[in-house]
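Here is a short report for a reader meeting this structure for the first time. Have the sequence and the 3D view at hand while reading.

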Amino acid sequence: MVTTLPIMFLFEDDGVVQVLDVAPTQTMDEVAATAAKVTVGIRVQPKFDRILRVRLHATDELLSRTATVGELGWEVNESIDIVYE
C-alpha cells in the first residue's frame, strides 16, 4: 500500500520546480498548504488575501478543493501548479 508519493509542483511567481511527498488522503487544499509551507515567505512573497488552488501543470482547470490525491488517481511524479485564485 502506498503511504506517500512524490509529485512535482511549480508555485505561482516561482521559477523552480520542487518535489513534495503527498498522501492519497490529502485534499487539494492540504496539498496547496503543504507546498506553501516550503515556498511562501522563502521563495515567494505571501498573498494573504488570496486562496491557494491546485491544477494539473500547464492546464487552466482548477481542481476541486476537496478532491483527494487518491480520488484524482495521481501517480509518482505527477506535475501540478499551485496558483492563487
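Start with one residue. Thr 39 sits in the loop that links helix 1 and strand 3. Is Thr 39 buried or exposed? Thr 39 is buried, and its relative accessible area is 0%. What does Thr 39 touch, leaving out residues up to four places away in sequence? The answer is Phe 9, Phe 11, Asp 14, Gln 18 and Val 44. Keep in mind that this is a predicted model.

**The chain as a whole**

The protein chain holds 2 helices and 4 strands. Along the sequence, they follow the pattern β-β-α-β-α-β. The radius of gyration is 12 Å, close to the 12 Å that the globule rule gives for 85 residues, so the chain is as compact as a globular protein of that length. Along its principal axes, the C-alpha trace spans about 35 × 20 × 20 Å. Of the 85 residues, 36% are buried. The accessible surface is about 5100 Å², and 54% of that belongs to carbon and sulfur atoms. Take the contacts between residues at least 6 apart in sequence: 62% of them join residues at least 24 apart.

**The sheet**

The 4 strands form an open sheet. Their order is 2-1-4-3, and the pairing is mixed. Strand 2 (17-22) and strand 3 (52-56) are at the edges; each has a single partner strand, so one side of each has no neighbour in the sheet. From one strand to the next, the twist averages 40°.

Two of the pairings are set out here.

| Strands | Direction | Bridges |
|---|---|---|
| Strand 1 and strand 2 | antiparallel | 6 bridges |
| Strand 1 and strand 4 | parallel | 4 bridges |

Strand 1 covers residues 5-11, and strand 4 covers residues 79-84. Leu 10 has Asp 81 in strand 4 as its bridge partner. Helix 1 (residues 28-37) packs on the sheet and touches strand 1, strand 2, strand 3 and strand 4. The direction of helix 1 makes about 105° with that of strand 3.

On the strand 2 side, Leu 5 stands opposite Val 22. Strand 1 and strand 2 form a hairpin, with 5 residues between them. In the turn, Asp 13 has a positive phi of about 70°.

Now follow the side chains of strand 2. They alternate along the strand. Gln 18, Leu 20 and Val 22 point to one face and are buried. Val 17, Val 19 and Asp 21 point to the other face and are not buried. Gln 18 is also one of the residues that Thr 39 touches.

**The core**

In soluble globular proteins, nonpolar side chains tend to be buried together. Here, the largest nonpolar core has 21 residues. Which of them touch the most other members? They are Phe 11, Val 31, Trp 74 and Ile 82. Strand 1, strand 2, helix 1, strand 3 and strand 4 are the elements that give two or more residues to this core. Helix 1 gives the most, with 5 residues.

Two of these core residues link to other parts of the picture. Phe 11 is among the contacts of Thr 39. Trp 74 is in contact with Val 31, leaving aside neighbours within four places in sequence. On that count, Trp 74 also contacts Leu 5, Ile 7, Met 28, Val 54, Leu 56, Leu 63, Val 69 and Ile 80.

Conventions
Residues are numbered from 1 along each chain as its sequence is written. This is a predicted model: local features need pLDDT of at least 70, side-chain atom pairs count only at pLDDT 80 or more; totals for chains, interfaces and linings use all residues. Side-chain values use heavy atoms; hydrogens and water are left out. Two strands pair if DSSP finds at least two bridges between them. Axes are lines fitted to C-alpha atoms, for helices over the stretch in contact, and angles run from 0 to 180 degrees between N-to-C directions. Contact means heavy atoms within 4.5 Å. A nonpolar core is a set of buried Ala, Val, Leu, Ile, Met, Phe, Trp, Tyr and Cys residues joined through side-chain atoms within 4.5 Å. Buried means under 20% relative accessible area, exposed over 50%, partly exposed in between (1.4 Å probe, protein chains only). The radius of gyration is taken over C-alpha atoms; the globule rule is 2.2 Å times the number of residues to the power 0.38. Accessible areas come from the Shrake-Rupley method with a 1.4 Å probe; for residues, only the protein chains shown count as cover.
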